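Thanks for sharing this one. Here are a few friendly notes on how two of the domains meet.

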Amino acid sequence: MAGYFDELEVRDPDERAEWLEEALPAALGRAKTAPALARLLRDVDPASVRDMAKLAALPVIRKSDLVEAQKKNPPFGGYTTRLAAEFDHIFQSPGPIYEPGRREGDWWRLGRFLFASGVGRGDIVQNCFAYHLTPAGMMFDSAARAVDAAVLPAGTGQTDLQVRAAADIGSTVYAGTPDFLKQILDRADELGETLSITRATVAGGALFPSLRDHYADRGIITRQCYATADLGNIAYESEAMEGMIVDEGVIVEIVRPGTGIPVADGEVGEVVVTTLNPDYPLVRFATGDLSAVMPGASPCGRTNTRIRGWMGRADQTTKIKGMFVRPEQVADLVARHPEIARARVIADREGEMDAMTVQIESPRDAGAEYAASIAEALKLRGRVEIVAPGSLPNDGLVIEDRRKYD
């Protein structure tokens, strides 16, 4: 389809909603053939989960759940629908945690991102993601094949060899972390080499505006995607450069950190993803990342939901007065009082002592009652500040550490 990777990207919203009514039950039905998910979803009738509201009632899976399951039942903890030997690749990421991979099709769905970045036949992708143990190298290798581009499997490091290869081969596209390309370009300048790279497809780190501008000044258009080893492509930039468009192979929710409860569109929360991958069908997998839904559709014509990209980490666990305070505990505090809209724990110092203040959005002047609930939920006592509903910052933070350690 001219201009788009496929027709899925430009579906009418009503058509996408109708698709979801069929796709969700089918995905959950497949998920229940994986032993761990069969236990987690044993009381769930897949046919009854046909919209986002019903999906939001299902439990959340966290990375820690995968790690613990893999320790008991290696390598994949019972979360796959295939045996380990039925996959083409088995990867090991730091943790360690193991992820499966397949050569069939564009298994991680990153071809859609490369296409949106203008990569295709005639391009040579210098793939500077690691091929050793972790899956990123193979993820982008697969993506390049999906758009008929050639690949130099460069891997990480060895800057001089990277420059030599890029110059000799005529690499036109860089794939890798945002900052490594600058090392290659700087070294090329030192060596007097002129490179042919005009596009950069990046992930795995922060793309600061100044770095994007630096590449643009050198004639390199940079696009980024949001992907993980477990889920593949989650969202990606297009030429519109307004947020990130959710991939067609996943369902994204934004929830209040420490809970599985969706927040209103525009509010910052934790990214929770359900993947439609039949081999590795993670359901409501909490990424630990913060983002927010953007209103409307992208000017590029792609109609799926847009998110604001990576906005920090949702796991804000902080030690105060020698005790860990977790987002789940703050969520428990809010759940004890229906009138509380949001709460925010602030860790600070008074003299040489830790101090804790809990800001609570509530229409009630019930400081003493809230203080008792704080002591029960957080196992600590602290100052209570009741603030007007809607007045806390929309940044996804439920625990803010203001202490200075330098």
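The points below go from the domain layout to the contacts between domain 1 and domain 2.

1. A word on the basis: this is a predicted model, where local features need pLDDT of at least 70 and side-chain atom pairs pLDDT 80 or more, while totals for chains, interfaces and linings use all residues. Residues are numbered from 1 along each chain as its sequence is written, and side-chain values use heavy atoms, without hydrogens and water.

2. The protein splits into domain 1 (2–88 + 242–314), domain 2 (102–229) and domain 3 (318–401), with bounds from an automatic or database domain assignment. The centres of domain 1 and domain 2, taken over C-alpha atoms, lie 27 Å apart. In their contact (heavy atoms within 4.5 Å), domain 1 contributes 23 residues and domain 2 contributes 14 residues.

3. Between them, domain 1 and domain 2 bury about 1,600 Å², 55% of it on carbon and sulfur atoms; buried area is the accessible area (1.4 Å probe) lost by two parts on being put together, summed over both. Do look at Phe-5, Asp-88 and Met-244, which supply 36% of the area that domain 1 buries against domain 2, more than any other three residues.

4. How many salt bridges are there between domain 1 and domain 2? The count is 6, taking a side-chain nitrogen of Lys or Arg within 4 Å of a carboxyl oxygen of Asp or Glu. Glu-9 also deserves a glance: a salt bridge joins Glu-9 to Arg-112, with the closest N and O atoms 2.8 Å apart.
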